[in-house]
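Me: I would like to go through this model slowly and ask, for each label, what value stands behind it. Please set each value against its cut-off before you conclude.

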Amino acid sequence: MSAKIAPFAALSDIASRSKSFAEGLPAQEEAVELWSGIGFTLGGEHFVAPMGEVTEILHIPRYTQIPGVKSWMQGLANVRGRLLPIMDLGHFFELPKTPISSRDRRVLVVEHGEVLSGLIVDSVLGMQYFAVDGFKDTVENVTRSMAPFINGAYLKNDEVWKVFSASTFTEDPKFLTVSQW
């Protein structure tokens, strides 16, 4: 019977010695649940679109202007054989022009149902991650024209990141009516 206890005693000794060496190691932290999206700027403010709502990010492609459309509709571009309407998102929301180099401006390609659109933004800030518990339902300083498309905000590095719903935007009748007449 003592032969069976010896291996157990050896394992107990190993466990206690291992614990003594573990002192000073960093404590395990609880994992934080993260929400991610594509960050971009518009009119000097930070926005983030949910990951599933932006299918592609492009440099502004060559496009053909179309007569008889609203001023925020820049034109149509052929992107890999698909016609992509190009719209200036800042101009749509009547935001003041910001001194942004045309090199920095990008197109967020959104595809929702049958609607495929390219939305020009001032710059793209790449993937952004936010702690889920940092979400705020109410957002201050949102223009009236933009308010229906903002679904809360996150705070990161003392910056407010407004959550822009591209899917809600592409369903809006004002957005879908590009004709001047």
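**Labels and the values behind them**

Reply: In this predicted model, Asn-141 is exposed, having a relative accessible area of 68%.

Me: Why is Asn-141 called exposed?

Reply: The word exposed is used for a relative accessible area over 50%, and Asn-141 has 68%, so the label exposed applies. Asn-141 has its place in the loop between β9 (135–136) and β10 (150–156), and its phi is positive, about 55 degrees, although the residue is not a glycine.

Me: What makes Asn-157 exposed?

Reply: Asn-157 has a relative accessible area of 70%, and because exposed means over 50%, the residue is counted as exposed. Asn-157 lies in the loop between β10 and β11 (159–164), and its phi, near 50 degrees, is a positive value in a residue other than glycine.

Me: Why does Leu-125 count as partly exposed?

Reply: Buried means under 20% and exposed means over 50%, with partly exposed in between; Leu-125 has 35% relative accessibility, which lies between these two cut-offs, and therefore Leu-125 counts as partly exposed. This residue is found in strand β8, which covers residues 123–131.

Me: How do you know that Leu-125 touches Gly-39, and which other residues does Leu-125 touch?

Reply: A contact means heavy atoms within 4.5 Å, and, leaving out residues up to four places away in sequence, Leu-125 touches Gly-39, Phe-40, Thr-41, His-46 and Trp-161. The C-alpha atoms of Leu-125 and Gly-39 are 4.8 Å apart in space, although the two residues are 86 residues apart in sequence. The 4.8 Å value is taken from C-alpha to C-alpha, whereas a contact is judged on heavy atoms.

Me: How do you know that the chain as a whole does not follow the rule for a compact globule?

Reply: A compact globule of 181 residues would have a radius of gyration near 16 Å, but the chain has 26 Å, so the chain does not match the value that the globule rule gives. Taken along the principal axes, the C-alpha atoms fill a box of roughly 95 × 40 × 30 Å. Of the 181 residues, 36% count as buried, and for these residues the relative accessible area must be under 20%.

Me: What makes residues 34–175 a named region, and how much of it is helix and strand?

Reply: The name comes from the UniProt annotation "domain: CheW-like", in an unreviewed entry, which covers residues 34–175. Over these residues the chain is 9% helix and 50% strand, with the end C-alpha atoms 31 Å apart.

Note on methods. Residues are numbered from 1 along each chain as its sequence is written. This is a predicted model: local features need pLDDT of at least 70, side-chain atom pairs count only at pLDDT 80 or more; totals for chains, interfaces and linings use all residues. Side-chain values use heavy atoms; hydrogens and water are left out. UniProt positions are given in the numbering used here, feature names are shortened, and annotations may be inferred rather than shown by experiment. Helices (H or I, at least four residues) and strands (E, at least two) are DSSP runs, numbered from the N terminus. The radius of gyration is taken over C-alpha atoms; the globule rule is 2.2 Å times the number of residues to the power 0.38. Buried means under 20% relative accessible area, exposed over 50%, partly exposed in between (1.4 Å probe, protein chains only).
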